[in-house]
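Me: I've got a new model open and I'd like to learn how to read it piece by piece. Could you walk me through it?

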Amino acid sequence: MKIMKKCDILLKTEMKVLSISFMKGAAFEMKKRFKQLIISTVIMQMFIILGCMTGCAAKTDDITRQEQLAQNQTQYEQLSSSQVQSDTEARNTGQTLSDAVEQISVDDAKTAALTDAGLIASDVNYTKEKLDYEDGIAVYDIEFYTSDAEYGYEINAVTGAVYSKDVDVRHARADHGHQNENGQNDIGAEQAKSIALAQAGFAEAEVTLLQCEFDVDDGQTVYEVEFIKDGREYEYKISAVDGSVLSCEMD
């Protein structure tokens, strides 16, 4: 009996120990799961916070981008408006680069034309005096006539140089020289070239593409002389009868 009583006491003690151990194990397991729950909750809160921050940043970037686009559009519209205004002012005023440079007077242009023609003011009657533009270059159009010729000049409004000229002689001088095979006086091609070069003030070695061609113009025998000097083309009509300069053009 004593032995069974001792076994019963031992069994109860062991059960109590086992119960205590079980309770301790369950508590540990609950504590472990509670910790995991807390950690999961914290992680979820962190993800939520990060998501909000990312969304706010994206929204802020989008607003900033829209503001920048609006600012660029405004600047473009202002620039376009300014450009249109500048173009309109340029068209209305007819300004070119030459306008920014001091120009000679129309009287100076007339003097330059007369000097080139070898005339004085009392010899001529003016028909045109006008400031114009030729390929963007400011020039004075000067036209006048004498008793035997008509002259048209374009004078550079800045430098005073002859930009182009056209001379038409209405009356030929008295015949002289040798006769051709038709019994008419003919100065010859070489003489015609010399006359044209002398009129232009150049030596033959100074020009290029010198050409001379015999022709009949309105029943009058002429030599047409052409050459180039410094990129400009010169054309002369020389009377084959007496060597007079019937017309000259410079482009």
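**Reading the model, strand by strand**

Reply: Let's begin with a strand pair: E5 and E6 run antiparallel, joined by eight bridges. Keep in mind that this is a predicted model.

Me: Which residue of E6 is the bridge partner of Phe214?

Reply: Phe214 is partnered by Tyr223. To see how the chain gets from one strand to the next, look at the turn: E5 and E6 make a hairpin with two residues between them, and Asp218 in that turn has a positive phi of about 55°.

Me: And how does E6 pair with E7?

Reply: E6 and E7 are antiparallel, over eight bridges. Phe227 stands opposite Tyr234 in E7. This pair is a hairpin too, with two residues between the strands. Asp230 sits in the turn, and its phi is positive, about 55°.

Me: What about the pairing of E3 with E4?

Reply: Those two pair in the antiparallel sense over seven bridges. One bridge to pick out on screen links Ile155 to Val162 in E4. The hairpin here has five residues between its strands, and Gly160 in the turn takes a positive phi of about 80°.

Me: Which residue in E8 partners Lys165?

Reply: Met250 is the bridge partner of Lys165. That belongs to the pairing of E4 with E8, which is antiparallel over four bridges.

Me: Let's zoom out. How many helices and strands does the protein have?

Reply: Three helices and eight strands. Follow the sequence and the order reads α-α-β-β-β-β-α-β-β-β-β. A handy check on how the chain folds back on itself is the sequence separation of contacts: among those between residues at least 6 apart, 40% join residues at least 24 apart.

Me: How should I read the helices, say H3?

Reply: Start with length, then ask which residues are covered and by what. H3 has twelve residues and spans 17 Å from first C-alpha to last, close to the 16 Å expected at 1.5 Å a residue. Its buried residues are Ala192, Lys193, Ile195, Ala196, Leu197 and Ala200. They pack against E5, E6, E7 and E8. Just past the helix, Gly201 has a positive phi of about 85°.

Me: What covers the buried residues of H2?

Reply: The cover includes strands E1, E2 and E3. The residues in question are Ala109, Lys110, Ala112, Ala113 and Leu114. H2 also has twelve residues and reaches 17 Å between its end C-alphas, close to the expected 16 Å. Gly118 follows the helix, with a positive phi near 75°.

Me: What's the general idea behind looking for a core?

Reply: In soluble globular proteins, nonpolar side chains tend to be buried together. In this model, the largest nonpolar core has 35 residues, and Ile142, Phe144, Tyr153, Ile155, Phe227, Tyr236 and Ile238 touch the most other members. Elements giving two or more residues to this core include helices H2 and H3, along with strands E2, E3, E4, E6, E7 and E8. H3 supplies the largest share, five residues.

Me: Which residues is Tyr153 in contact with, leaving aside neighbours within four places in sequence?

Reply: Ala113, Asp116, Ala117, Tyr140, Asp141, Ile142, Phe144, Val162, Ser164 and Lys165.

Me: Now a polar residue: is Asn156 buried or exposed?

Reply: Asn156 counts as buried because its relative accessibility is 14%, and the cut-off for buried is under 20%. Asn156 lies in strand E3. For a polar side chain, the next thing to look up is a polar partner: the side chain of Asn156 reaches the backbone nitrogen of Val158 at 2.8 Å. Not counting residues up to four places away in sequence, Asn156 touches Ile104, Ile137, Ala138, Val139, Ala161 and Tyr163.

Me: And for the whole protein, what percentage of the residues is buried?

Reply: Buried residues make up 24% of the 251. For the outside, look at the total area and what supplies it: the protein exposes about 17,800 Å², with 55% coming from carbon and sulfur atoms.

Note on methods: Residues numbered from 1 in each chain as written. Predicted model: local features only at pLDDT ≥ 70, side-chain atom pairs only at ≥ 80, totals over all residues. Heavy atoms only, no water. Core = buried A, V, L, I, M, F, W, Y, C linked by side-chain atoms within 4.5 Å. Buried < 20%, exposed > 50% of the residue type's maximum accessible area, 1.4 Å probe, protein only. Contact = heavy atoms within 4.5 Å. Expected span 1.5 Å × (residues − 1). Areas by Shrake-Rupley, 256 points an atom, 1.4 Å probe, with all protein chains shown as cover. Pairing = 2+ DSSP bridges. Polar contact = N/O pair within 3.5 Å; in protein donor to acceptor, adjacent residues only side chain to side chain.
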